[in-house]
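Reader: I am new to reading protein models. Could you take me through this one, step by step?

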Amino acid sequence: MKEKLKDFIFSELIYHENPATFGDDDDLLEAGLDSMGLMRLIMFAEKEFGVILPDSDVEPANVRSLNALERWISSARRT
């Protein structure tokens with residue numbers, strides 16, 4: 001899951017000189033993920049992983065890193 005998210009983020013949303021060096025706990029918001037990018041990322045995750053990510057759960061704790069995104073999406077899968 002994280003690799004698909006990472007591929008999408010660095011091919012579509014954020015320029016990073018070497019995405020392979022971006023860690024799973026590194027801060028996506030500091031790296032340049034903005035609100036429009038975040039919305040595109042949520043739409044991608046919903047389609048790719050077959051989940052619904054409620055707007056009420058869009059908060060930095062859920063989107064700050066690849067690990068946070070994975071936890072949020074996995075949690076949505078169980079509900």
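Author: Gladly. Keep in mind that this is a predicted model. The protein has five helices and zero strands.

Reader: In what order do the elements of the protein run from the N terminus on?

Author: There are zero strands to place, and five helices. From the N terminus on, the order therefore reads α-α-α-α-α.

Reader: What radius of gyration does the protein have, and what would a compact globule have?

Author: The chain has 79 residues. For that number, a compact globule would have a radius near 12 Å. The protein agrees, because its own radius of gyration is 12 Å.

Reader: What does the C-alpha trace span along its principal axes?

Author: Three spans are given, one for each principal axis. They come to about 35 × 20 × 20 Å.

Reader: What share of the residues is buried?

Author: Buried means under 20% relative accessible area. Of the 79 residues in the protein, the buried share is 38%.

Reader: Which residues of H1 are buried?

Author: The cover over the buried residues of H1 includes H2, H3 and H5. The buried residues themselves are Leu5, Lys6, Phe8, Ile9, Phe10 and Leu13.

Reader: Is leucine 5 buried or exposed?

Author: Leucine 5 sits in helix H1. Its relative accessibility is 0%. The cut-off for buried is under 20%, so leucine 5 counts as buried.

Reader: Which residues does leucine 5 touch, not counting residues up to four places away in sequence?

Author: Leucine 5 has a relative accessibility of 0%. Contact here means heavy atoms within 4.5 Å. Leucine 5 touches Leu41, Phe44, Ala45, Phe49, Leu66, Leu69 and Ile73.

Reader: How many Å apart in space are leucine 5 and valine 58?

Author: In sequence, leucine 5 and valine 58 are 53 residues apart. In space, C-alpha to C-alpha, they are 16 Å apart.

Reader: What share of the contacts with a separation of 6 or more comes from residues 24 or more positions apart?

Author: Start with the contacts whose separation is 6 or more. Then pick out those between residues 24 or more positions apart. Their share is 60%.

Reader: Now for charges. How many salt bridges does a search of the whole structure find?

Author: The protein has 9 positive and 16 negative side chains. The centres of those two sets lie 6 Å apart. A search of the whole structure for salt bridges finds five.

Reader: Which residue meets lysine 2 in a salt bridge?

Author: The N to O distance is 3.3 Å. A salt bridge needs that distance to be within 4 Å, so this pair qualifies. The partner of lysine 2 is aspartate 24.

Reader: How many residues apart are lysine 2 and aspartate 24?

Author: Lysine 2 is in helix H1, residues 2-13. Aspartate 24 is in the loop between H1 and helix H2. The pair links distant parts of the chain, 22 residues apart.

Reader: Which residue forms a salt bridge with lysine 4?

Author: The closest N and O atoms of this pair are 3.0 Å apart. Lysine 4 is partly exposed, at 44%. Its partner is also partly exposed, at 35%. That partner is glutamate 48.

Reader: How many residues apart are arginine 40 and glutamate 12?

Author: Arginine 40 forms a salt bridge with glutamate 12, with closest N and O atoms 3.2 Å apart. Arginine 40 is in helix H3, and glutamate 12 is in helix H1. The two are 28 residues apart.

Reader: Which residues are joined into one network by salt bridges that share partners?

Author: Lysine 2 and aspartate 24 meet in a salt bridge. Shared partners extend the set into one network. Its members are Lys2, Asp24 and Glu70.

Reader: Where is serine 65, and which residues does it touch beyond four places in sequence?

Author: Serine 65 is in the loop between H4 and helix H5. At 6% relative accessibility, serine 65 counts as buried. Serine 65 touches Asp24, Asp25, Asp26 and Leu28.

Reader: Last one. Is asparagine 62 buried or exposed?

Author: Asparagine 62 is in helix H4, residues 60-63. Its contacts include Ala68, Leu69 and Trp72. Its relative accessible area is 18%. The limit is under 20%, so asparagine 62 is buried.

Notes. Residues are numbered from 1 along each chain as its sequence is written. This is a predicted model: local features need pLDDT of at least 70, side-chain atom pairs count only at pLDDT 80 or more; totals for chains, interfaces and linings use all residues. Side-chain values use heavy atoms; hydrogens and water are left out. A salt bridge is a side-chain nitrogen of Lys or Arg within 4 Å of a carboxyl oxygen of Asp or Glu. Buried means under 20% relative accessible area, exposed over 50%, partly exposed in between (1.4 Å probe, protein chains only). The radius of gyration is taken over C-alpha atoms; the globule rule is 2.2 Å times the number of residues to the power 0.38. Lys and Arg count as positive and Asp and Glu as negative; His and the chain ends are not counted. The place of a charge is taken as NZ of Lys, CZ of Arg, CG of Asp or CD of Glu.
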